[in-house]
Amino acid sequence: MQKSDRPRTPRKVTGKWLALGLALLVQLGFVAVLVFTVHWQNRKPEPVTALLYAPPTKTPAVDTATPQAPTPVPQPAPQPAPQPVPPRSVVAPPSEPKAATPDPRAADIALRARQEEERKKTAEAKRKDDEKKARAEQEAEDRRKLDEKKKQDEKAAEKQSEARARQQRETEAMRVQAEREGETRAKADRDAQARAQQNAQRGKAEADWVRSIQAKVRGNVIVPPDINGNPEAIFEVVQLPTGEIIDVQLRKSSGVRAYDDAVSRAILKSSPLPRPERPDIFQRSLTLKFRPLPE
């Protein structure tokens, strides 16, 4: 049997086109199933039809003379046509939903929300810190005022104590001074009394001494017979401690020369004069008064 030399190309081309047509058919079927599935998942909700009835009203009287138009009967709403359900064998599994494209406005809103939240947190933290600082400052101020008041109270108490001590010292000093003044006054009174007593005693002793001298001189006076009245003559006598007379001077005349001369001679004749009982009352110069008649 002789082999044919013609090529077998036409059979290969026929099989190739058959495979290509089957592939296209399968792809078209897959696309149709995919479109139907998406359309079935995104179908619109079926509308709900409700019939509204008005309450019965009173029918007015019908005028038989006037013909009435017939009342229209409400027609039911048309129902949507049912969607065909594809066979189970043909339905493809639902594809995964496509990732939604991020919305820049949503990101901006979320960023602003986070910034606002952070701002609020920062403001709340700052408010708490400010409150804490304010409380700490208030506590410090209260402690400072308390310490200052305590120091003022201590100073006031110290001043009061010093004032009381100073008052006590002043009172004690015044008491001591009063006692000293009282003692001084008492001593001065005693000294004055003593001096007065001494002066009185001295004056009495001097008076007694002078009277004794006058008595001695008067015993030696020869009174003139023609004298009138009782005139007074005053003499100053200078003597020694022994009583001896050194000088006699007339200080006031009695107006009768004879009586004045008689008294002067009597004073010189009475030398030595009587000495005082107390030596401390001796006087070198004495003033002596004489009258013709005793007082």
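**Note on the core and the sheet**

1. In this predicted model, valine 217 touches Val263, Ala266, Ile267, Ser270, Leu273 and Phe290, if residues up to four places away in sequence are not counted.

2. Two of these partners return when the nonpolar core is considered: the largest such core has 19 residues, and those with the most contacts inside it are Val217, Ile267 and Phe290. At least two residues of this core come from each of α2 (104-219), β1 (233-239), β2 (245-252), α3 (257-269) and β3 (285-290), and among these elements α3 gives the most, with 5 residues.

3. The three strands just named form an open sheet in the order β2-β1-β3, with antiparallel pairing; β2 and β3 are the edge strands, each of which pairs on one side only. From one strand to the next, the twist averages 25°.

4. For the reader who wishes to follow the pairing residue by residue, β1 and β2 run together in the antiparallel sense over 6 bridges, and valine 237 stands opposite valine 248 in β2. As a general point, strands of a sheet pair through backbone hydrogen bonds, either parallel or antiparallel.

5. Helix α2 packs on the sheet, where α2 touches β1 and β3, and the direction of α2 makes about 55° with that of β3. Helix α3 also packs on the sheet, touching β1, β2 and β3, and the direction of α3 makes about 25° with that of β1.

Technical notes:
Residues numbered from 1 in each chain as written. Predicted model: local features only at pLDDT ≥ 70, side-chain atom pairs only at ≥ 80, totals over all residues. Heavy atoms only, no water. Core = buried A, V, L, I, M, F, W, Y, C linked by side-chain atoms within 4.5 Å. Buried < 20%, exposed > 50% of the residue type's maximum accessible area, 1.4 Å probe, protein only. Helix = DSSP H or I, 4+ residues; strand = E, 2+ residues; numbered from the N terminus. Contact = heavy atoms within 4.5 Å. Pairing = 2+ DSSP bridges. Axes fitted to C-alpha atoms, helices over the stretch in contact; angles between N-to-C directions.
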